[in-house]
Amino acid sequence: MKSLDEYLDDAGHAHGHLCAGQVLGVRLAMLGLRKLEIDDPHGQDRKRLVTFVEIDRCATDAVALVTGCRLGKRALKFRDWGKMAATFVDQSSGRAVRIAARESSKQLARKRHPEIADKNQQQMLAYREMSDDDLFDVQWVRVTLTPEDMPGYKGERIVCEQCGEGINFHREIRREGRVLCRGCAGERYYEPQ
Ligand SMILES: [Zn+2]
Ligand SMILES: [Zn+2]
């Protein structure tokens with residue numbers, strides 16, 4: 001693993017700016033890796049890790065950067081819960097740890113650096129200095145990954161009987177004897193025009 005400063009440097013470049021969310025995300029991911037004793041997520045340990053993120057904000061980019069888990073590799077899973085939290089799953093041991101930023105971390109940052117008026121600057125500095133215990137709650141959890149959730153999974157591709165589009169990874173829905181994609185089954189996030 002790199003040092004906090006090195007990761008923050010990388011994160012600032014990759015994300016376009018350095019912000020409090022990045023600092024929190026880098027530290028959250030580093031703690032997750034340490035708990036799982038994964039030292040080299042980009043090298044020899046790169047196939048061990050699957051990460052679930054629960055928010056799509058600045059911290060998400062930082063978590064992806066530190067862990068090397070990417071959506072396009074199926075190693076990064078997004079659960080849209082709006083929470084500053086992530087779960088790290090070690091596929092080699094089956095262990096998993098969920099790390100959530102504590103709601104009190106903002107107040108602690110204010111207490112620590114009342115002299116800095118700018119919130120982002122105040123939190124950026126405080127989040128570098130605060131202890132893991134002040135910043136995060138850590139919970140050992142169990143995550144069941146189905147074969148089709150695994151990064152390397154290759155399966156049959158199936159075609160939606162309504163729209164004719166192909167569906168991978170068993171994401172189809174079977175209803176009244178028909179095979180449908182999620183959109184045609186009513187889970188659309190868009191309206192056709
Ligand atoms: Zn940001
Ligand atoms: Zn369809």
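# Close-up views of a two-zinc protein model

Buried residues make up 42% of the 193 residues in the protein chain. The model is predicted.

**Figure 1. Overview of the protein chain, with 7 helices and 9 strands.** Taken along the principal axes, the C-alpha atoms fill a box of roughly 65 × 40 × 30 Å. Among contacts in the chain with a separation of 6 or more, 60% are between residues 24 or more positions apart. The views that follow show the two zinc sites, the surroundings of Glu54, the aromatic pairs and the surroundings of Leu145.

**Figure 2. The site of the zinc ion (ligand 1), with two histidine and two cysteine donors.** The zinc ion (ligand 1) is bound by NE2 of His15, NE2 of His17, SG of Cys19 and SG of Cys58, at 2.1 to 2.5 Å. Along the chain these donors have the spacing H-x1-H-x1-C-x38-C. His17 and Cys58 link distant parts of the chain, being 41 residues apart. His17 belongs to the loop between helix 1 (4–15) and helix 2 (20–35), and Cys58 to helix 3 (residues 58–67). The angles subtended by the 4 donor atoms run from 87 to 142°, so the arrangement is irregular; a tetrahedral site would need all angles between 85 and 135 degrees. His17 is partly exposed, with a relative accessibility of 39%, whereas Cys58 is buried at 15%.

**Figure 3. The site of the zinc ion (ligand 2), with four cysteine donors.** SG atoms of Cys160, Cys163, Cys181 and Cys184 coordinate the zinc ion (ligand 2) at 2.3 to 2.4 Å. The site is tetrahedral, with angles of 101 to 115° among the 4 donor atoms. For comparison, the ideal angle for four tetrahedral donors is 109.5 degrees. The spacing of the donors along the chain is C-x2-C-x17-C-x2-C. Cys163 and Cys184 link distant parts of the chain and are 21 residues apart. The first of these, Cys163, is in the loop between strand 6 (158–159) and strand 7 (166–167), while Cys184 is in helix 7 (residues 183–187). Cys163 has a relative accessible area of 35% and is partly exposed; Cys184, at 16%, counts as buried.

**Figure 4. Glu54 and its contact with Arg98.** Glu54 is located in the loop between strand 1 (49–53) and helix 3. With a relative accessible area of 6%, Glu54 is buried. The side chains of Glu54 and Arg98 are joined by a polar contact of 2.9 Å. Leaving aside residues up to four places away in sequence, Glu54 touches Phe78, Arg79, Asp80, Trp81, Gly82, Lys83, Ala85, Thr87 and Arg98.

**Figure 5. The aromatic pair of Tyr153 and Phe169, with Arg74 over the face of Phe169.** The whole structure contains 2 aromatic pairs. In the pair shown here, the rings of Tyr153 and Phe169 are tilted, at 6.4 Å centre to centre and 55° between the planes. This pair links distant parts of the chain, 16 residues apart. Tyr153 is in the loop between strand 5 (136–141) and strand 6, and Phe169 is in the loop between strand 7 and strand 8 (173–175). Phe169 is partly exposed, with a relative accessible area of 23%. Arg74 lies over the face of Phe169, 3.5 Å from the ring centre.

**Figure 6. The aromatic pair of Tyr189 and Tyr190.** The ring centres of Tyr189 and Tyr190 are 5.1 Å apart. Their planes are at 80°, so the pair is edge-to-face; the cut-off for this class is over 60 degrees. Tyr189 is exposed, at 77% relative accessible area, and Tyr190 is partly exposed, at 39%.

**Figure 7. Leu145 and the residues it touches.** Leu145 sits in the loop between strand 5 and strand 6. Leu145 is buried because its relative accessible area is 16%, under the limit of 20%. Not counting residues up to four places away in sequence, Leu145 touches Val50, Phe52, Val89, Gln91 and Met150. From Leu145 to Phe78 the separation is 67 residues in sequence and 14 Å in space, C-alpha to C-alpha.

Note on methods
Residues numbered from 1 in each chain as written. Chains lettered and ligands numbered in written order. Predicted model: local features only at pLDDT ≥ 70, side-chain atom pairs only at ≥ 80, totals over all residues. Heavy atoms only, no water. Donors = N, O, S within 2.8 Å, 3.2 Å for Na, K, Ca; no water. Tetrahedral: all angles 85-135°; square planar, octahedral: opposite > 155°, others 65-115°. Helix = DSSP H or I, 4+ residues; strand = E, 2+ residues; numbered from the N terminus. Buried < 20%, exposed > 50% of the residue type's maximum accessible area, 1.4 Å probe, protein only. Polar contact = N/O pair within 3.5 Å; in protein donor to acceptor, adjacent residues only side chain to side chain. Contact = heavy atoms within 4.5 Å. Phe/Tyr/Trp six-rings, centres within 6.5 Å; stacked < 30°, edge-to-face > 60°. Lys NZ or Arg CZ within 6 Å of the ring centre and 35° of its normal.
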